Amino acid sequence: MLKTFKIGGIHPEENKLSAGSALKQFQLPADIKEVKIPVAQHIGAPAQPVVAVGDDVKVGQVIAQAGGFVSANIHSPFSGKVKKIEATTGDDGKPAMMITIAIEGDEWVETIDRSTGIKREITLSAEEIVKKIGEMGIVGMGGARFPAQVKLAVKPGQAQALIINGVECEPYLTADHRLMLEKSEEVLIGIKILMKAIGVTEAYIGIENNKKDAIELLTKLSAGYPGIKVQPLKMKYPQGGEKQLIDACIGRQVASGALPISVGAVVQNVGTAFAVYEAVQKNKPLIERVVCVTGKPLQNPSNFWARIGTPVKALIEAAGGMPEDCAKVIGGGPMMGRAFATLDVPIHKGSSGILLMNNQESKRGEIANCIRCAKCVSVCPMGLEPFLLSKVSAKQLWDMAEENHIADCIECGSCSFTCPSNRPLLDYIRRGKSTVMGIMRARAAAAKAAAEAAEAKKN
Amino acid sequence: MEAVLITIAVLASLGLTAAFILYFVSQKFKVYEDPKIGEVEEVLPGANCGGCGFAGCHAMAEALAKADDISGLVCPVGGSAVMSQVATILGKSVAESAPKVAVVRCAGCTVGESANRQKTLDYDGAKSCAIASTHFAGDTACSYGCLGLGDCVKVCQFNAIKVNEATGLAEVDEAKCVACGACAKACPKQIIEIRYKGRVVKDVARRVWVSCVNKDKGAVAMKACKASCIGCGKCAKVCKFEAITVENNVAHIDMEKCKACGLCMNECPKNAIVATFPAPPKPAPKPAAVEATGTAIPKPAEQPKPVEVPVQADKQQ
């Protein structure tokens with residue numbers, strides 16, 4: 001009997017078109033002379049540029065330093081000259097700060113080990129590992145892009161299990177699947193490193209049952225890695241959500257508003273485990289990742305090793321070119337990804353996929369009235385009431401939205417997916433959530449300031 | 001018979017006791033409310049629109065009764081007429097306030113052949129500007145302009161703002177607008193501004209404004225929209241009253257200083273300055289083609305002296 005999470009969930013069509021396509025190193029076409037590197041590639045404060053216009057940079061050199069506790073370093077994925085540091089159009093069409101590099105040659109920083117051999121021995125101590133991961137700018141590679149070192153900085157004894165997310169429950173995407181198949185040893189060593197960093201002896205790799213080859217291979221290989229167990233899971237979206245995956249793998253539920261560490265779990269993606277292997281064992285910062293370029297209208301759905309900063313257009317070109325009947329290009333998967341406002345943008349640390357949709361697929365159905373069928377309630381993996389939350393968000397009743405735990409929404413989109421009236425439930429909820437979170441943060445800041453003022457008065 | 005009498009006696013004594021208790025309690029725990037609050041609330045419009053900044057008309061009435069100086073408090077719906085009535089009730093003086101109106105600072109028509117902005121994206125999500133603007137910067141090349149999904153229409157209690165299907169832009173009905181400012185607050189692009197209605201000359205309230213908020217550099221703004229302000233500053237140079245400033249690549253006309261002469265309209269190379277009256281004749285032969293509400297005045301007045309100034313409008317501009 002396969003495990004899965006208990007509440008809600010949906011079963012969208014898989015469409016893993018690129019599952020059989022082996023990882024290919026993406027070569028930037030010669031006609032692309034410059035690349036743009038965003039300074040905000042992670043959740044939290046944007047990184048602060050530490051290079052100036054005209055500086056020469058090498059591959060792997062720090063070009064922007066973490067701008068706060070929750071932030072990450074950015075390293076140059078290309079060698080060349082810094083041409084511009086200015087705000088240009090980002091994924092959503094809004095201005096985003098980017099460092100433009102004019103490419104010259106391919107000169108790497110000397111400290112990076114570029115050999116292909118696998119290095120098994122872990123020499124660094126736990127603190128050194130976490131520090132190294134921070135320096136190398138590793139973020140959650142599943143798409144949420146949370147700086148990895150922040151999640152790994154746990155108190156001794158606090159963590160009991162490491163859970164590795166190899167679920168890839170988003171339809172279409174195959175980046176993690178290919179990585180597990182082709183870099184399995186490295187991923188397993190990466191997991192060992194992560195286990196050492198947080199001081200746990202057991203790790204679970206959660207993999208959905210549609211990736212039988214990956215389950216088989218990793219189960220075989222993990223025999224040589226004591227403590228690592230592959231956990232096959234029943235297919236259900238959104239199993240890749242942190243709280244859902246913890247529930248599925250070790251049967252513990254994270255309370256509303258709490259973090260996974262409250263139940264002794266730390267969750268990391270397989271992509272992150274691989275990046276950690278490269279950072280710790282090979283001294284290589286996060287400058288490239290697997291990008292799955294896929295979609296029904298596309299000629300050759302592929303999985304590429306692409307450097308950060310590679311233009312989205314160039315990747316689509318390499319996968320067979322822009323098809324005529326493409327109506328929408330989405331960054332990420334079809335469930336949680338966001339449509340690009342412009343294709344003239346680079347990929348970033350969280351770009352797990354570029355998905356092309358044709359007109360028929362991308363079109364939303366006509367919005368009708370809510371018929372109170374409560375399908376959204378039954379599929380919500382967080383046990384919320386999406387129909388209610390969307391309504392109170394539309395009416396801007398923020399207090400009521402907060403009372404009904406809008407902040408717990410993981411924005412998985414199961415509610416909008418299942419709604420027979422095609423109501424854009426998540427659109428409304430997302431807006432409500434961001435407003436309510438803003439109110440909550442402001443309240444916390446005000447409370448903190450008041451407490452500090454009282455403290456200052458006392459002294 | 002006896003039973004009836006006893007009943008009456010008991011009930012009467014009970015009633016009397018209760019009446020005494022109620023009387024004493026009401027005396028003891030009396031909450032004093034200024035009777036003027038009620039009187040003031042009576043003359044307020046009762047729309048509870050919140051345009052004054054208070055939660056509703058009752059809250060406004062309380063604030064008015066409490067304040068020593070009520071000149072800072074204005075009911076945008078009732079305007080000067082209501083405020084002078086309030087002043088009479090309270091025996092306080094009130095500053096005459098000029099009537100205001102909402103203006104939409106975007107002329108980037110997105111529909112039809114005469115469109116100023118071309119649609120670059122097809123948005124099919126929830127019909128709400130606030131939600132759309134969390135997804136992207138806008139469905140045209142301009143990331144500052146009107147999205148036309150009507151968040152302003154939804155909040156307007158006076159039916160005074162509509163999205164014109166022929167242009168895809170929000171439009172204010174001057175006759176219905178009470179300048180409560182609800183639309184300005186609801187607009188995520190912040191393109192709605194509350195401005196003075198302007199001095200009425202020949203039945204037209206004369207006002208002029210820059211109908212663009214695009215902060216991009218000139219070249220970018222130029223490409224994005226045919227009616228964009230490019231921040232060239234020509235209008236600021238020609239203005240005799242120093243009413244125009246250019247900040248962040250976009251011009252703004254200070255409504256306190258503007259005399260609505262219309263000279264700037266002729267100067268604007270992009271026709272981004274819009275007015276409720278036709279532009280004055282240019283010194284050059286070519287006449288300007290800028291006009292908004294289309295109230296044709298055969299002989300455009302230039303620098304008009306105050307002709308007929310309604311009582312409530314003498315402090316404007």
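In strand β17 of chain A, Asn358(A) is the bridge partner of Cys326(A), and this pairing offers a convenient way into the structure, which is a predicted model. The contact between these two residues belongs to a longer arrangement, for strand β15 of chain A, residues 326-331, runs alongside β17(A) in the antiparallel sense, with five bridges between them. A second neighbour of β17(A) is strand β13 of chain A, residues 288-295, and here the pairing is parallel and extends over four bridges. Within β17(A), Gly353(A) is the residue that stands opposite Cys292(A). Both senses are possible in principle, because strands of a sheet pair through backbone hydrogen bonds, either parallel or antiparallel.

The surroundings of β17(A) can be described in terms of burial as well. Strand β17 of chain A covers residues 353-358, and five of its six residues are buried, so the strand is largely enclosed by the rest of the structure. For chain A as a whole, 49% of the 459 residues count as buried.

Elsewhere in chain A, four strands make up an open sheet whose order is β2-β8-β7-β4, with antiparallel pairing. Its edges are formed by β2 (34-38) and β4 (56-57) of chain A, each of which pairs on one side only. At the β4 edge, β4(A) is joined to strand β7 of chain A, residues 80-89, by two bridges in the antiparallel sense, and Val57(A) has Gly80(A) in β7(A) as its bridge partner.

Taken over its full length, chain A contains 14 helices and 17 strands. Its radius of gyration is 22 Å, close to the 23 Å that the globule rule gives for 459 residues, and chain A is therefore as compact as a globular protein of that length. The C-alpha trace of chain A spans about 65 × 60 × 50 Å along its principal axes. When contacts in chain A between residues at least 6 apart in sequence are considered, 74% of them join residues at least 24 apart.

There remains the side of chain A that touches chain B. Here 13 residues of chain A are in contact with twelve residues of chain B. The element that gives the most to this side of chain A is helix α14, residues 425-458, which supplies five residues. Sorted by class, the side of chain A that touches chain B has eight charged residues, together with three nonpolar and two polar ones.

Methods
Residues are numbered from 1 along each chain as its sequence is written. Chains are lettered from A and ligands numbered from 1 in the order in which they are written. This is a predicted model: local features need pLDDT of at least 70, side-chain atom pairs count only at pLDDT 80 or more; totals for chains, interfaces and linings use all residues. Two residues are in contact if their C-beta atoms, placed from the backbone, lie within 7 Å. Ala, Val, Leu, Ile, Met, Phe, Trp, Tyr, Cys and Pro count as nonpolar, Asp, Glu, Lys and Arg as charged, and the others, Gly among them, as polar. The radius of gyration is taken over C-alpha atoms; the globule rule is 2.2 Å times the number of residues to the power 0.38. A residue is buried if 20 or more other C-beta atoms lie within 10 Å of its own, exposed if 12 or fewer, and partly exposed in between; C-beta atoms are placed from the backbone. Two strands pair if DSSP finds at least two bridges between them.
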